[in-house]
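Here is a short briefing on one protein chain. Keep the structure open as you read, and find each part as it is named.

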Amino acid sequence: MKNILKLFVVACAIFLLSAMKPKAKRVVFFGDSITQGGVQGNGYINLLRKQVDSTKFELFGAGIGGNKVYDLYLRLEDDVLAKKPDLVFIYVGINDVWHKQTSKTGTDYPKYLKFYQALINKIKASGSAVVLCTPSVVGEKKGGANELDADLDKYSEGIRELAVKNNLPLCDLRKAFQAYEEQNNPQDLEKDILTRDRVHLNDKGNQFVADQMLPFIK
């Protein structure tokens with residue numbers, strides 16, 4: 001009888017300890033192929049996993065190559081909200097601009113902002129916090145010399161305005177990339193500074209993005 005009582009007490013103690021243990025915060029990174037690559041090798045999400053306490057944070061990638069803002073809206077429920085995240089990074093816009101040039105399937109600016117606002121509304125309504133991210137680069141030349149710089153600047157400014165309008169934190173990757181290129185691209189190369197192909201991140205680029213995002217998690 002005493003042994004049974006001891007076992008019961010131990011079981012109760014274990015249950016209470018597990019119940020009192022705080023759940024890890026769930027962070028979802030929502031985007032396109034850059035985010036998809038974030039969970040591969042030295043991708044920025046994998047790098048962030050090494051920099052945060054795994055008992056306090058769980059990091060998930062929800063990136064699919066070629067996605068634009070309306071693709072994210074269509075898969076928001078299944079790929080993000082179903083994970084019941086505490087925090088969601090929205091990082092989309094490169095394809096919305098780039099694909100207007102390459103395949104005529106990009107997203108016009110008013111439509112882009114409309115879908116982006118719809119993403120914000122649904123994520124906030126679910127109870128999750130949101131961080132907005134501006135699109136980085138399509139080409140790494142300095143001083144607005146890349147063909148799509150003007151559009152990327154316009155779309156980035158729209159995201160900045162949405163951040164202010166919705167009182168949300170902004171991870172301004174566009175601004176950070178431009179500042180880095182000014183300091184670290186003396187030969188004015190169009191790739192191989194933070195990207196491997198003008199768009200997708202190399203190892204240094206992945207570390208750079210991880211460094212920009214880490215403060216918003218901590």
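In what order do the elements of the chain run from the N terminus on? The order is α-β-α-α-β-α-β-α-α-β-α-β-α-α. The model is a predicted one. The points below go from the whole chain to one helix, one pocket and one residue.

**The whole chain**

- The chain holds nine helices and five strands.
- Along the principal axes, its C-alpha atoms fill a box of roughly 80 × 35 × 30 Å.
- The chain has 218 residues, and 47% of them are buried.
- Take the contacts between residues at least 6 apart in sequence: 75% of these join residues at least 24 apart.

**Helix α9**

- Helix α9 covers residues 203-217, which is 15 residues.
- How far apart should its ends be, at 1.5 Å a residue? The expected span is 21 Å, because the rise is counted over one less than the number of residues.
- The end C-alpha atoms of α9 are 21 Å apart, so the model agrees with the expected span.
- α9 does bend, by about 25 degrees at Asp211.
- A proline, Pro215, follows within four residues of that bend.
- Asn202 caps the N-terminal end of α9. One of its side-chain oxygens lies 3.2 Å from the backbone nitrogen of Lys204.
- Which residues of α9 are buried? They are Gly205, Asn206, Phe208, Val209, Ala210, Met213, Leu214 and Ile217.

**The largest pocket**

- The largest pocket has a volume of about 160 Å³.
- Two elements, α2 (33-36) and α9, each give two or more residues to its lining.
- Ser33 and Ile34 are among the lining residues, as are Asp203 and Asn206.
- Other residues in the lining include Gly37, Gln40, Asn42 and Gly43.
- Arg196, His200 and Leu201 line this pocket too.
- Asn206 thus appears twice in this briefing: it lines the pocket, and it is a buried residue of α9.

**Val27**

- Val27 sits in strand β1, which spans residues 25-31.
- Is Val27 buried or exposed? Val27 is buried, because its relative accessible area is 2%, and buried means under 20%.
- Leaving out residues up to four places away in sequence, Val27 touches Phe57, Glu58, Leu59, Phe60, Leu87, Phe89 and Ile217.
- One of these partners, Ile217, is a buried residue of α9.
- Val27 and Val138 are 111 residues apart along the chain, and their C-alpha atoms are separated by 27 Å.

Conventions: Residues are numbered from 1 along each chain as its sequence is written. This is a predicted model: local features need pLDDT of at least 70, side-chain atom pairs count only at pLDDT 80 or more; totals for chains, interfaces and linings use all residues. Side-chain values use heavy atoms; hydrogens and water are left out. The bend at a residue is the angle between axes fitted to the seven residues ending there and the seven starting there. Buried means under 20% relative accessible area, exposed over 50%, partly exposed in between (1.4 Å probe, protein chains only). A polar contact is a pair of N or O atoms within 3.5 Å; within protein, one must be able to donate a hydrogen and the other to accept it, and residues adjacent in sequence count only if both atoms are side-chain atoms. Contact means heavy atoms within 4.5 Å. On a 1 Å grid over the protein atoms alone, a cavity is a set of points where a 1.4 Å probe fits but cannot get out, and a pocket is an open set with protein on both sides within 12 Å along at least five of seven lines; lining residues have an atom within 4 Å of a point. Grid points are joined across faces, edges and corners, and a volume is the space filled by probe spheres set on the points.
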